[in-house]
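User: Hello! I work at the bench and would like to learn how to read ligand sites and a buried residue in a model. Could you take me through it?

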Amino acid sequence: MAVKDLTIPSTIFLLTIQNNMEHIVIIGNGISGVTLARHIRKLSDKKITLISGETKYFFSRTALMYVYMGHMKFEHTQPYENWFWKKNRIELKLGYVKSVQTKSKTLHFNSGETLQYDKLVIATGSKPNKFGWPGQDLDGVMGMYHKQDLENLEIYAPNNETCKRAVIVGGGLIGIELAEMLNSRSIPVTFLVRESSFWNGVLPEGESAMINRHIINHHIDLRLSTNLREINADENGKVKSVIIHETGEELACDVVGLTAGVSPNIDFLQNSEIETGRGVKVNRYLETNIKDVYAIGDCAEQHEAIGNRRPIEAVWYTGRMMGETLAQTLCGNRIKYNPGHWFNSAKFMDIEYQTYGWVHGSKGRPEYETHFHWKHKDDTKCVTIAFNKNTNEFLGINTFGIRMRHETFDKWLTEKRDVDYVINHLSEANFDPEFYATFEEQILKAYYHQLQTAI
Amino acid sequence: MSLAKPDALKITITQKVALGLGLVGLLILSLALFNVNFPNKSIILWLTLGVITIGTIIYSRGAYLTKLEGIKNDGTWFKSISSRGFWGWSAGILLTAFYIILYFYPEYLGLGKDGAENTGIIGLFDPLSQLLSGRNASQWFVYGTLYTLAILAFGYKFFLKYRHNRYQQVRTFSVMFFQLAFAFLIPEFMYVMNNDLPYYDIKSIWPLNYYIFDEWSVKGFLTAGNIGLALLVFGILSIFVITPILTYKYGKRWYCSWVCGCGGLAETAGDSFRQLSSKKLTAWKLERWLIHSVLVFSIVMTTAMIYTYLGYKSNEFWLTRGVFITSVIALLTVIFIGVMVFRHKEFGKDAKYGAIGYFAIIALLLIMHFTGTTDQLFFIKSGSLRSAYGIYIGSIFSGVIGTGFYPILGNRVWCRFGCPMAAILGFQQRLFSKFRITTNGGQCISCGNCSTYCEMGIDVRAYAQKGENIVRSSCVGCGICAAVCPRGVLKLENDSMKGRINTNEILLGNDVDLMKLVNEK
Ligand SMILES: Cc1cc2nc3c(=O)[nH]c(=O)nc-3n(C[C@H](O)[C@H](O)[C@H](O)COP(=O)(O)OP(=O)(O)OC[C@H]3O[C@@H](n4cnc5c(N)ncnc54)[C@H](O)[C@@H]3O)c2cc1C
Ligand code: SF4
Ligand code: SF4
């Protein structure tokens, strides 16, 4: 009797502990998963487990290229020292999740282990696209996404003796990074781009053309409007050459980089009840169809795109923002993922690129959007300002070779400034280092010149 | 000099020739070291300096002018010299040995003792010294010449490396100019004009220039008439008036990466080693203890030294010991109280350490005052304090470790861990300066280039990825973090004090309401 009396309250006590110590399991330790874990820790005392099949410690994927180029060692790409995780009581688990059972809230690992969760967050990122090209799985053919791809590249392209030529298929941001990487080791590169000009699905014509020239100036064999037909193997199953679709030309090469975009890395969810499309389907609260299961980052797909954004946003910043947002929801303050004005940046070899607001290439450009374009005569700097031709409202800016201030453009976009205002106040947004030459006057002149000729 | 050379495996023929030239120059210098007697010293000397310079110039042109403008860090971590490989260690050991000989065994360099004629490498430099100031060379003249040459030649290399970056070029030009004119030529000319004057590089400010208030130095100034007095007054104004004003306006960079000779060498000859500085939190902790201990040591040492010579002939200087020690304590107290009252917030958690430092100094000074006799301070022979400082800090720390260990610990070891001047400037920068590195909203991709290439070991990324401005006492404003950032996230700026230190939980780009909710908590 006495024993029973004791057990009842102690079970209640245990239950409350368990409630406080709700176990949040995050699959994927990329920027989205890590941001989420950090913010949950700031807001609560919940138990957090971060899983990855790639590396135990978080590293910056965007910096992989610099490791191959010798700018950094791999350890430099890790934003937090190893003691950070223990100190913040974030448990790390190295392992690949094979399947998810949402009914029993269990994860199954490749190793046969299992793990129970109270809430599950899928932040598994992307994987490189492969479009079924013959030979796409040969040795020496690789994507450029995971750390393992980098290790692979180090095997097949350590220098220009082992790799006499590399062919890159797909002209996007990762493709040009891969070209720059190989170039840094003096490996000749042929760059196959399906489009008629580099990344012109996103970039307006003038900019895209400038980047074409910049690529060629780096002695890269840029082939526009060119597709891959197949990849040929030598007797050892290693890539020997590629055949170009349009001309049938055979190009000898030792490495083929497949960089034709990425798609959500969610094959392990195939047999689960979680609803997927191209990515894991989520609502504005980043919730999936299953209770207590969420998805963020590259692998999340919105039911309906937000504004001009795509349903799947595979960029660093959105992953981080989703992490920041979901942490609130998981800690009791349920809020929508509601990103502010669009921004992004990249670097094309030596030319930095930033964008704020929306500037469309020829694809998907709204009928009211028109552009003012200025290019410096040295062919490494240019600016494109998009505005509404009916109302003159400023819509967005692309800037190459000139750094601009995020905060300023964010403010102008919120204030719905018109294009005249923006052009006249451009110097306020300049973010170049001190003593740099400035171009606002030239830009202003060019703008009024274009206006006059337009009238 | 051309130690940063044997790096790339794949250098062009021209570069190999250039490397060879530089090595020939070094070979002649080392032959001189072994007392080979050259027939026409003057010609040999010019030839040596000439081939080293030309070698560096040709090599740099081959390295950078053959490529498009942009960041040139390809292969930095593969090259043996810049990644603590075989060549890195070799260079480190050679440099360290050179500094040990220079500071402690100058006779091996050929310094003539007791009026004997110079031989060896120092003898080789006699003609140049004669030309500039009409006296024979000393080991310091040889060192000064090589030092200046290193800054000029590697400064040129730096120019080419950053030919797309005006900030880098302007500040490099500045350090080259200050080294050549202020540290090298002007002191020689000053000697010609008035040979009572002690060697004085007027851009070298106390406490970096720890000997300026030495007895011989002060006496030298005072006996040299008005010009001497003017220089002494300038020396005092430099630290108490000019320095705080310039640091307030521009941050400590005005000195550390625009004017200072130590900084000058670090930025030019040391540029290949900036990535070797440790970014660990533990290194930061060590840095703060070490540099502030050196500062305390240097203040106590200088005060004690002046105190000693004020003591023995009370009528020689108008200042008496009592007045002097009281005014030092008063000044420190004013600064301490001022900071605690007006800057408590910025000081934050460090206030405790500031207080420890302050009370340590005051206690030491009082003990000194009450235990001091004419020739004993703290019960030890006065003067040993000064020579201990000279040997351990002035020579071993700043020279042997500070420069000798470039290829191992990075190019700013001294500036980061030891320089008391940097500590004072850093203190001003942290508390009263318009300078900061602004981060660009949400653009950071946490790549780590900035942290890797920060020579002061600041984890710049830790701030940038939180959208937080960088306001750190150790930042010398070299601007390399901003240069290497591939996303245009960092900008060195002088702006208003308000909002300089910002802490963000959520970065620009997210939901405005969420940002408000979290950041304004
Ligand atoms: C070379 C390169 C350069 C880039 N540059 C930029 C840039 O400049 N700017 C920008 O905005 N974006 C850039 N991106 C895109 C950006 O890196 C991604 O958007 C971002 O990293 C996605 O973060 P995430 O957290 O969603 O996923 P990820 O970073 O992909 O992390 C997911 C992790 O989950 C692991 N994982 C997946 N499935 C499982 C499983 N079943 N079990 C266990 N672990 C699993 C993966 O191995 C991975 O470690 C770049 C991408 C690449 C590859
Ligand atoms: S933070 Fe930047 S500017 Fe400051 S010392 Fe480091 S690299 Fe130089
Ligand atoms: S500030 Fe720039 S260099 Fe530093 S981590 Fe961010 S993106 Fe990289």
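Analyst: We will go through two ligand sites and then one serine. Keep in mind that this is a predicted model.

User: Let's begin with ligand 1. Where does ligand 1 lie?

Analyst: A good start is to ask which chains a ligand touches. Here, ligand 1 sits between chains A and B. It is surrounded by 34 residues, and the closest include Ser32(A), Tyr145(A) and Arg487(B).

User: Which polar atoms lie by the oxygen and nitrogen atoms of ligand 1?

Analyst: For this we look at pairs of N or O atoms within 3.5 Å. Glu54(A) places a polar side-chain atom 2.5 Å from an oxygen atom of ligand 1. Asp298(A) also has a polar side-chain atom by an oxygen atom of the ligand, at 2.7 Å. The backbone takes part too: a polar backbone atom of Gly53(A) is 3.0 Å from a nitrogen atom of ligand 1.

User: How much of ligand 1 does the protein bury?

Analyst: The idea is to take the area of the ligand alone and ask what share the protein covers. Alone, ligand 1 exposes 1000 Å², and the protein buries 96% of that. Helix 2 (31-43), helix 6 (173-184) and helix 8 (316-330) of chain A each give two or more residues to the shell.

User: Which domains of chain A supply the shell, and what classes of residue does it hold?

Analyst: Domain 1 (19-127 + 263-330) and domain 2 (141-260) of chain A each provide at least three residues. By class, the shell has 14 nonpolar, 15 polar and five charged residues.

User: Now ligand 3, please. Which residues are closest to ligand 3?

Analyst: We read this shell in the same way. The closest of its 13 residues are Cys444(B), Cys447(B), Gly448(B), Cys450(B) and Cys485(B). Helix 20 (449-453) and helix 21 (460-464) of chain B each contribute at least two residues. The classes here are nine nonpolar, three polar and one charged.

User: Finally, Ser277(B). Is Ser277(B) buried or exposed?

Analyst: The test is relative accessible area, and under 20% counts as buried. Ser277(B) has a value of 4%, so it is buried. It belongs to the loop between helix 11 (261-268) and helix 12 (281-312) of chain B.

User: What is Ser277(B) in contact with?

Analyst: Leaving aside neighbours within four places in sequence, its contacts include Leu409(B), Arg416(B), Cys454(B) and Met456(B). With Cys454(B) there is also a polar pair: a polar side-chain atom of Ser277(B) lies 2.8 Å from the backbone oxygen of Cys454(B).

Notes. Residues numbered from 1 in each chain as written. Chains lettered and ligands numbered in written order. Predicted model: local features only at pLDDT ≥ 70, side-chain atom pairs only at ≥ 80, totals over all residues. Heavy atoms only, no water. Helix = DSSP H or I, 4+ residues; strand = E, 2+ residues; numbered from the N terminus. Buried < 20%, exposed > 50% of the residue type's maximum accessible area, 1.4 Å probe, protein only. Polar contact = N/O pair within 3.5 Å; in protein donor to acceptor, adjacent residues only side chain to side chain. Contact = heavy atoms within 4.5 Å. Near = heavy atom within 4 Å. Nonpolar A, V, L, I, M, F, W, Y, C, P; charged D, E, K, R; others polar. Areas by Shrake-Rupley, 256 points an atom, 1.4 Å probe, with all protein chains shown as cover. Domains from an automatic or database assignment.
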